[in-house]
Amino acid sequence: MSHDTINDDGSDGDSGDDRKRYNIRLRHDGCWMVDVTESNPGAHIIEKAFYHGEESIKTDIVVFVDDNSDADIDETIEEISDHPDVHHLSILNRLGDRARLMIYYDDDHSVNSTIANSDIMPIEPVRAVNGVEHWSVLMVPSDVGSTLTQLEDECDAKIQSIRGFDSTEDIVFTDIIEQINDQLSPRQTESLLVAEENGYYNWPRHASANDIADELGISGPTCLEHLRKGEHKIVRTLIDALQKRHGRTK
């Protein structure tokens with residue numbers, strides 16, 4: 001257990017019981033997220049939400065692989081399915097090297113129950129890469145020492161950073177890219193990515209909408225419709241996030 005920036009009393013040097021945001025690295029033997037990302041460097045697993053059932057945990061995850069890595073999305077999904085703790089996997093959506101899965105898994109090697117029964121409040125999806133889970137959580141500084149001691153029985157943990165928590169900020173449980181990705185249709189996503197790859201968004205443009213349409217094998221008007229609708233969704237999501245960040249929501 002490493003928490004170099006924490007004082008002997010478990011606090012980070014500040015007085016009072018104000019909550020702070022802690023970014024924590026966790027590694028625990030036998031966990032399917034840790035095992036799969038360790039054996040597939042460049043594969044990422046994002047656990048968007050998990051729900052405890054009577055005998056197992058149901059989770060909604062996104063898995064993807066880095067473009068410049070040797071990881072393969074199909075092999076990664078197959079390894080998740082074959083893990084001893086995973087007993088059901090459904091592919092909800094798939095686009096290239098990115099997939100959204102529903103998984104049922106045993107709680108034997110998970111820290112989710114410990115987290116749920118502690119004073120830790122997760123505020124972002126759990127991310128696993130290269131055999132390490134990354135948690136962003138809220139904790140009261142005076143409770144940090146006892147909470148980490150509780151975790152120590154199950155895993156290795158290291159606090160990476162601590163910062164103040166602004167309760168006026170809007171904390172969302174999916175990052176901005178996940179929000180955009182969930183809103184775009186597959187054809188809109190494909191059109192936007194092909195347009196970017198061909199310099200459509202350069203200034204001056206290196207390709208026209210008709211050039212993009214020819215590559216996609218669709219008509220010019222259809223291509224423009226995909227691009228415009230996709231662009232609108234992206235801009236709207238980003239502006240909404242900016243409005244919330246600056247307290248300008250209606």
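Me: Which residue's side chain does Asp60 meet in a polar contact of 2.6 Å?
Reply: Happy to start there, with the note that this is a predicted model. Asp60 sits in strand β3, which covers residues 57–65. Its side chain makes a polar contact of 2.6 Å, and the partner is the side chain of Arg100.

Me: Is Asp60 buried or exposed?
Reply: Good thing to check for a charged residue. The relative accessible area of Asp60 is 16%. Buried means under 20%, so Asp60 counts as buried.

Me: How many salt bridges does a search of the whole structure find?
Reply: Let's take one example before the total. Arg27 forms a salt bridge with Glu38, and the closest N and O atoms are 2.9 Å apart. The search over the whole structure gives a total of eight.

Me: Which parts of the chain does the pair of Arg27 and Glu38 tie together?
Reply: The two residues form a salt bridge with 2.9 Å between the closest N and O atoms. They are eleven residues apart in sequence, and because Arg27 lies in residues 20–27 and Glu38 in residues 32–39, the pair ties together strand β1 and helix α1.

Me: Are Arg27 and Glu38 buried or exposed?
Reply: Let's take them one at a time. Arg27 has 28% relative accessibility, and Glu38 has 41%. Values under 20% would be buried and values over 50% exposed. Arg27 falls in between, and so does Glu38, so each counts as partly exposed.

Me: What is the N to O distance in the salt bridge of Glu231 and Arg228?
Reply: Look along helix α8, residues 220–245, for this pair. Glu231 and Arg228 are three residues apart there, about one turn of the helix. Arg228 is partly exposed at 39% relative accessible area. The side chains meet in a salt bridge with an N to O distance of 3.3 Å.

Me: How far apart, in helical turns, are Asp240 and Arg236?
Reply: This is a further salt bridge, with 3.1 Å from N to O. Asp240 is partly exposed at 30% relative accessibility, and Arg236 is partly exposed at 36%. Both belong to helix α8, and because they are four residues apart in that helix, their separation is about one helical turn.

Me: How far apart in space are Lys229 and Ser185, C-alpha to C-alpha?
Reply: Staying with helix α8, we find Lys229 there too. Lys229 is partly exposed, with a relative accessible area of 45%. In sequence, Lys229 and Ser185 are 44 residues apart, while the C-alpha to C-alpha distance is 9.6 Å.

Me: What separates the C-alpha atoms of Val194 and Ala213?
Reply: Val194 has its place in helix α6. With a relative accessible area of 11%, Val194 is buried. Along the chain, Val194 and Ala213 are 19 residues apart, and their C-alpha atoms are separated by 9.5 Å.

Me: What is the relative accessible area of Val144?
Reply: You will find Val144 in helix α4. Its C-alpha atom is separated by 8.6 Å from that of Asp119, 25 residues apart along the chain. Val144 is buried, with a relative accessible area of 0%.

Me: Which residues gather in a patch of negative charge on the surface?
Reply: One member to look for is Glu154, in the loop between α4 (144–152) and β9 (156–164). Glu154 is partly exposed, with a relative accessible area of 38%. The residues gathered in this patch are Asp29, Glu152, Asp153, Glu154 and Asp156.

Me: Which residue has a positive phi although it is not a glycine?
Reply: Head for the loop between β7 (126–129) and β8 (132–139). The residue there is partly exposed, with a relative accessible area of 48%. Its phi is about 50°, and the residue is Asn130.

Me: Which residues does a cis peptide bond join?
Reply: A last stop for backbone geometry is the loop between α6 (186–197) and α7 (209–216), where Pro204 has its place. The peptide bond in question has an omega of about 0°. The residues joined by this cis bond are Trp203 and Pro204.

Methods:
Residues numbered from 1 in each chain as written. Predicted model: local features only at pLDDT ≥ 70, side-chain atom pairs only at ≥ 80, totals over all residues. Heavy atoms only, no water. Patch = residues over 30% accessible without salt bridge, like charges linked within 9 Å, V, L, I, M, F, W, Y side chains within 5 Å. Areas by Shrake-Rupley, 256 points an atom, 1.4 Å probe, with all protein chains shown as cover. Salt bridge = Lys/Arg side-chain N within 4 Å of Asp/Glu carboxyl O. Lys, Arg positive; Asp, Glu negative; His and termini not counted. Charge placed at Lys NZ, Arg CZ, Asp CG, Glu CD. Helix = DSSP H or I, 4+ residues; strand = E, 2+ residues; numbered from the N terminus. Buried < 20%, exposed > 50% of the residue type's maximum accessible area, 1.4 Å probe, protein only. Polar contact = N/O pair within 3.5 Å; in protein donor to acceptor, adjacent residues only side chain to side chain.
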